[in-house]
Amino acid sequence: MTSILVKGGIIVTMDPNHRILPDHSIAIGDGKFQAIGQTNEIVRDWKADEVIDASGSIVMPGLICSHTHLYGMLLRGANLNIPPPSDFTQILQRVWWPVDENLTFDDAYASALVGCLEFLKTGTTTFADTYSGPNSIEGVLDRIAGAVDEVGIRGLIAFEATERHSKEEGERGVQENARFASKMKQEHVSKAMPLFSLHASFTVTDDLIRSTRELATKYAVPITIHTSEGLGDLQHNIERYGKRTLERLRDVGLLGPDVVLAHCVQLNDDELDIVARSGGKIAHNPMSNMLNAVGTAPLVHMLRRGISVGLGNDGYIFDGFENMRAAYLLHRVVSRDPNAIDAYTILEMATIRGAELYGLAEQLGSIELGKRADLIVIKPDVLPTPLNQDSVIGHLINSVCGRDVRTTIVDGKIGMRDRKVMTVNEEKAQREAQNAAAGLWQRLRTVKPQVEHIRPSR
Ligand SMILES: [Zn+2]
């Protein structure tokens, strides 16, 4: 296996001591961080097959996107000519559910390929994706895993089970996740990792939640579910069960340290306490929340309770730095408190906390000896102010964007070097996605909003 020396640069380790190391170097071998030290010592002691010059650059762990939908790539810029939705439920009915119905296996693959590529090029090395498509269920995770491995980043991938149409549809979704989990337990060659996913509590019955919980425990795989994103989820649970969303999820036995609740925008204090007590984790998606006009998640209150919160894009903007900046700004403006959240906490959400969410913090999320070597080298074209130990965190939140990532290393392999992708043919991947999107947009022009299947029977 290739050994790599990342030479010079300011290393933002994201380790437990929050170390920031100016003019340090890193030796990588066997896919792991083998040595971190002063540049002159590392250069003297380590010989490597490849040397990456990181002088004048920022070196940090690859970003972790805690919640995404790779197929969202195919909707970018689409004008679907639909009656304007007036709330989140109508956005689902008029946009996302018709999209789901029309997705094919080839769409899943093409979107995963360009989604992973965009992550690689903007510094995200691990993500958690849930795919939704009632007409492309059995085997779809193999197609998505294929794209993950071609691009060479890490992805937890799941089929998003829902009973929007029928109980059988929900069961098929869960079984696809179980099939993939079982396959991954036997094969240890893929960078794709299994995950169980339920769409949201308002589209699944208690039976499906229980069967998902059982299988996830059996395979020791985490579970994710959209939770009180819009008000519709909360209203559904209050009307049908007399419980708020987290009360129902607790009472049905879903919650635990291996559960990642996406969004949690409408949670009240009691529900936040339920999450904290269960050891559950939260994926925060500020840009998607703004786009869908669902409100602002109570991030500051989550963090105060010690809940692990990661940062997701929900299939919207794939540049992790843009998502960090949005989180940083949003919670200041909403709280009217300039100290509401600090830049370092946001960086943690995009790295080590993201790893914690999915039980991967022993391996990923920081630059520490023995951890898997996922890192990025960032060099902005121009910085109007000095880059040093004191300014680097400020620059990461206020100046850097994904296009400033020069080099991306995943598991000790160079996936992008000096902006050149080393793993897949970018042009071919983009062409495939363009064709997939054109076909999907064409099909979507002829469909009607999904209004009849919002609430599953009990
Ligand atoms: Zn989502």
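What volume does the largest pocket have?

1. About 750 Å³ is the volume of the largest pocket. The model is a predicted one, and the points below should be read with that in mind.

2. The lining of the largest pocket comprises 41 residues. Lying nearest the pocket centre are I91, V95, W96, L291 and N292. By class, the lining residues split into 19 nonpolar, 15 polar and seven charged.

3. Four elements each contribute at least two residues to this lining: α2 (88-102), β12 (196-200), α7 (231-241) and α10 (286-291). Of the contributors, α2 gives the most, with eight residues.

4. A zinc ion is coordinated by three histidines through NE2, namely H67, H69 and H226, and by D314 through OD. The coordination distances run from 1.9 to 2.1 Å. Along the sequence, the spacing of the donor residues is H-x1-H-x156-H-x87-D. The pair H69 and D314 links distant parts of the chain, 245 residues apart. H69 sits in the loop between β8 (63-68) and α2, and D314 in the loop between β16 (309-311) and α12 (320-335).

5. The geometry at the zinc ion is irregular, because the angles subtended by the four donor atoms range from 91 to 157°. A tetrahedral assignment would need all angles between 85 and 135 degrees.

6. Burial of two of the donor residues can be stated directly. H69 counts as buried because its relative accessibility is 8%. D314 also counts as buried, at 12% relative accessibility. The cut-off for buried is under 20%.

How values were computed. Residues are numbered from 1 along each chain as its sequence is written. This is a predicted model: local features need pLDDT of at least 70, side-chain atom pairs count only at pLDDT 80 or more; totals for chains, interfaces and linings use all residues. Side-chain values use heavy atoms; hydrogens and water are left out. On a 1 Å grid over the protein atoms alone, a cavity is a set of points where a 1.4 Å probe fits but cannot get out, and a pocket is an open set with protein on both sides within 12 Å along at least five of seven lines; lining residues have an atom within 4 Å of a point. Grid points are joined across faces, edges and corners, and a volume is the space filled by probe spheres set on the points. Ala, Val, Leu, Ile, Met, Phe, Trp, Tyr, Cys and Pro count as nonpolar, Asp, Glu, Lys and Arg as charged, and the others, Gly among them, as polar. Donors are N, O and S atoms within 2.8 Å of the metal (3.2 Å for Na, K and Ca); water is not among the atoms, so sites may look incomplete. Four donors count as tetrahedral if all angles lie between 85 and 135 degrees; four count as square planar and six as octahedral if opposite donors are over 155 degrees apart and all others between 65 and 115; anything else is irregular. Buried means under 20% relative accessible area, exposed over 50%, partly exposed in between (1.4 Å probe, protein chains only).
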